[in-house]
Amino acid sequence: MTHSLSLAAVRITLGKMHFYIPSSQVQRCVLAGPDTPDIQQFSQWLGLPDEPQSGMHLHLLVPASNVAKGWYFWGELENVVLRPNEILPLPVILQQCCKLPGLRALVQDESLSPLLSWR
């Protein structure tokens, strides 16, 4: 008998980009309030250009990331289950040079998307 473990995750969609975070690391995601001056934008924290202001304006808290107030972003968040064959180890070259915070693996979806994890 073979067993395959799946990973419950959230998929964050910013424009045309996807990012995945294990569900167990997400404390909450709520609609962002109108006043968010001291909460960093997720795309800026990742070192990426600002996402288009489409979708919902959300406030995401992931305590394991050590970002106390979390992030806000414009986009979508959905619960997904990743099968083992969809999660790919990082190539050595990415491990050595990529500065994307929390990057642990890649997810093979419509393209290759980052899986961020802090544990």
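**Rings, a serine, cysteines and loops**

Phe19 is a buried residue, because its relative accessible area is just 3%, and a value under 20% counts as buried. The model in which we find this residue is a predicted one, so every value that follows has been computed from predicted atoms.

Phe19 is a good place to begin, since its ring leads to other rings. The structure holds seven aromatic pairs. One of these pairs joins Phe19 and Phe42, whose ring centres are 5.9 Å apart and whose planes stand at 85 degrees to each other, an arrangement called edge-to-face. Because Phe19 belongs to strand β2, which covers residues 17-22, while Phe42 belongs to helix α1, which covers residues 42-46, this pair ties together parts that are 23 residues apart in sequence.

What can be said about the partner, Phe42: is this residue buried or exposed? Phe42 is buried, since its relative accessibility is 0%. The ring of Phe42 also pairs with the ring of Phe73, with 6.3 Å between the centres and 50 degrees between the planes, so this second pair is described as tilted. The reason is that 50 degrees falls between the limits of under 30 degrees for stacked rings and over 60 for edge-to-face rings. Phe73 sits in strand β6, residues 71-82, and Phe42 in helix α1, so here the pair ties together parts that are 31 residues apart in sequence. Phe73, too, counts as buried, with a relative accessibility of 0%. If the reader follows the ring pairs further, they link Phe19, Phe42, Trp45, Trp71, Phe73 and Trp118 into a cluster.

Helix α1 also contains Ser43, and this serine counts as buried because its relative accessibility is 1%. Which side chain does the side chain of Ser43 meet in a polar contact? The partner is the side chain of Glu51, at a distance of 2.7 Å. Leaving aside residues up to four places away in sequence, Ser43 touches Leu14, Leu48, Pro49, Asp50 and Glu51.

The cysteines come next. A search through the whole structure finds zero disulfides, and Cys97 offers a case that can be followed in detail. The cysteine sulfur closest to that of Cys97 is in Cys98, but the two are 6.5 Å apart, which is too far for a bond, because a disulfide requires the sulfur atoms to be within 2.5 Å. Cys97 is partly exposed, as its relative accessible area is 46%, and Cys29 likewise counts as partly exposed, with a relative accessibility of 27%.

Finally, two asparagines take the reader into the loops. Asn66 is located in the loop between β5, residues 56-61, and β6, and counts as exposed because its relative accessible area is 72%. What is the phi of Asn66? The angle is positive, at about 65 degrees, although this residue is not a glycine. On the other side of β6, in the loop that leads from β6 to β7, residues 87-89, lies Asn85, which is exposed as well, since its relative accessibility is 52%. From Asn85 to Gln95 there are ten residues along the chain, and the C-alpha atoms of these two residues are separated by 20 Å.

Technical notes: Residues numbered from 1 in each chain as written. Predicted model: local features only at pLDDT ≥ 70, side-chain atom pairs only at ≥ 80, totals over all residues. Heavy atoms only, no water. Phe/Tyr/Trp six-rings, centres within 6.5 Å; stacked < 30°, edge-to-face > 60°. Helix = DSSP H or I, 4+ residues; strand = E, 2+ residues; numbered from the N terminus. Buried < 20%, exposed > 50% of the residue type's maximum accessible area, 1.4 Å probe, protein only. Polar contact = N/O pair within 3.5 Å; in protein donor to acceptor, adjacent residues only side chain to side chain. Contact = heavy atoms within 4.5 Å.
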